[in-house]
Amino acid sequence: MDDQTWYLRTSKVALALAIIRSTPADTSSREYTEHLAKVVSEQESTWKSKVQALEAEVLQLRHTLLLSRMRAGVFKNGDPSSQLQAQEPGSSDNTLSLLEDSGCDLSNEQRSEPSEVAQHSVESCTRTPFLPLPIVKRHCGTLENPLSSHMQFLQHFLELKNLKESGSLKTDLSHFENDFSTVSDSVFQLLDGLITFYRKPKFPFSSFWAEAVNTLAGLISDYNLSNHILKKCSKKLEEFEKTLLQVILRSNHINRFQVQHYVSQNLVTLGSCSLLRKSIISLLLSEVNSFTDVLGTINQVQASYVTHYENILSLFWVLEQLLQKENKEGSASGVGHDDQEIKKFLQKHDETIFQLSDAFPLFTFYLWRLGILLNSVETVE
């Protein structure tokens, strides 16, 4: 027996004897032990809550410090007022308010509609610069969404970063790289909140969630930030992508098509970033390939497959959007026939269409369109 094991056993015996000796006369040792365990558990829960609150406060202070340092760099290297007015006529007051704010509050009343945010993100993954957000001065605790402080900090960070990298304000950001962990920590928290929400989404959706996904897309598209974010958050990003996919596939209520359209737009927004596009395309094709195999074993859509069949059609739409963008950008994400799911899809493509075209004409029509797009990607390469 080593010393560590001996000390552990001795401590357990000593604790048991102490409990027995201190047990009240009208209480059994078992009841008293359970009471002590409950007290310790409550104290641990209290301390854990205090630790989480302190960690959130520290992160908020790191937000303020980083934004303050970046603001100082903007004003030190030139007067930003003329550049701000050139970026957004008539919005200089809002933008200057943005520069003065630490990233705590987010106006719920003046956000863009989800369709507008998603459409903009499909057209351009990196917003250069982000349009300044009107600021409403109020405490973070009054916001309906606790993630708002993280998202507004990230939006402000990108706005300031774009200012520092553009025109007469162009400066070296290398000395801020040690602070990029603050950005990664906020991205991690934002992803965690997004995953929690989309596991049990509530319709109608607030525009906040589309803005959050759009902000993530802008951050990951940034060359300097992407390495820091992916190093810490790659697993969370994969989990978020799979969560969005499951929302589409598992929806079975009467209004599911509205939910699916909204979530599909989020996948397109993420996939509009070249660093994420390849993994999303492979993930969606994996589901398409699996369901294609299922359809090959039946002659018509059975009742148990009707909902899943309809839901899969949303994946076709997302895949088309991403593959069209990939072709337009010249295979920027590296999508190619070496991918296992793409290879499987193309190898069985013609045979599958011939086999399923009579029973499932709409499904095979989408398969045919995807085949053309995937072959076009290979041609571009």
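# A friendly briefing on an all-helix model and its aromatic rings

The charged end of K232 is placed over the ring of F188, 5.1 Å from the ring's centre. That is a good way into this predicted model, where aromatic rings will come up again and again. The protein chain has 15 helices and 0 strands, and 46% of its 381 residues count as buried.

**The chain as a whole**

- Among contacts in the protein chain with a separation of 6 or more, 82% are between residues 24 or more positions apart.
- The protein chain has an accessible surface of about 20,300 Å², and carbon and sulfur atoms contribute 52% of that surface.

**Aromatic pairs**

- The count of aromatic pairs in this model comes to 18.
- One of them joins F208 and W209: the ring centres are 4.9 Å apart and the planes stand at 90°, so this pair is edge-to-face.
- Both partners are buried: F208 has a relative accessibility of 2%, and W209 has a relative accessible area of 9%.
- Another pair, F316 with Y366, is stacked, with 5.2 Å from centre to centre and 5° between the planes.
- F316 belongs to helix α12 (residues 306-328) and Y366 to helix α15, so their pairing ties together parts that lie 50 residues apart in sequence.
- The two ends of this pair can be told apart by exposure: F316 is buried at a relative accessible area of 0%, whereas Y366 is partly exposed at 22% relative accessibility.
- Buried means under 20% relative accessible area, which is why the 22% of Y366 does not count as buried.

**A cluster of rings**

- Ring pairs also link up into a cluster, whose members are F291, Y309, F316, F360, F363, F365, Y366 and W368.
- The stacked partners F316 and Y366 both appear in this cluster.

**A nonpolar patch on the surface**

- L362, F365, W368 and I372 make a nonpolar surface patch of about 380 Å².
- Within this patch, F365 is found in helix α15, which covers residues 361-380.
- Is F365 buried, partly exposed or exposed? Its relative accessible area is 39%, so F365 counts as partly exposed.
- F365 and W368 belong to the patch, and F365 and W368 are also members of the ring cluster.

Methods. Residues numbered from 1 in each chain as written. Predicted model: local features only at pLDDT ≥ 70, side-chain atom pairs only at ≥ 80, totals over all residues. Heavy atoms only, no water. Helix = DSSP H or I, 4+ residues; strand = E, 2+ residues; numbered from the N terminus. Buried < 20%, exposed > 50% of the residue type's maximum accessible area, 1.4 Å probe, protein only. Contact = heavy atoms within 4.5 Å. Areas by Shrake-Rupley, 256 points an atom, 1.4 Å probe, with all protein chains shown as cover. Patch = residues over 30% accessible without salt bridge, like charges linked within 9 Å, V, L, I, M, F, W, Y side chains within 5 Å. Salt bridge = Lys/Arg side-chain N within 4 Å of Asp/Glu carboxyl O. Phe/Tyr/Trp six-rings, centres within 6.5 Å; stacked < 30°, edge-to-face > 60°. Lys NZ or Arg CZ within 6 Å of the ring centre and 35° of its normal.
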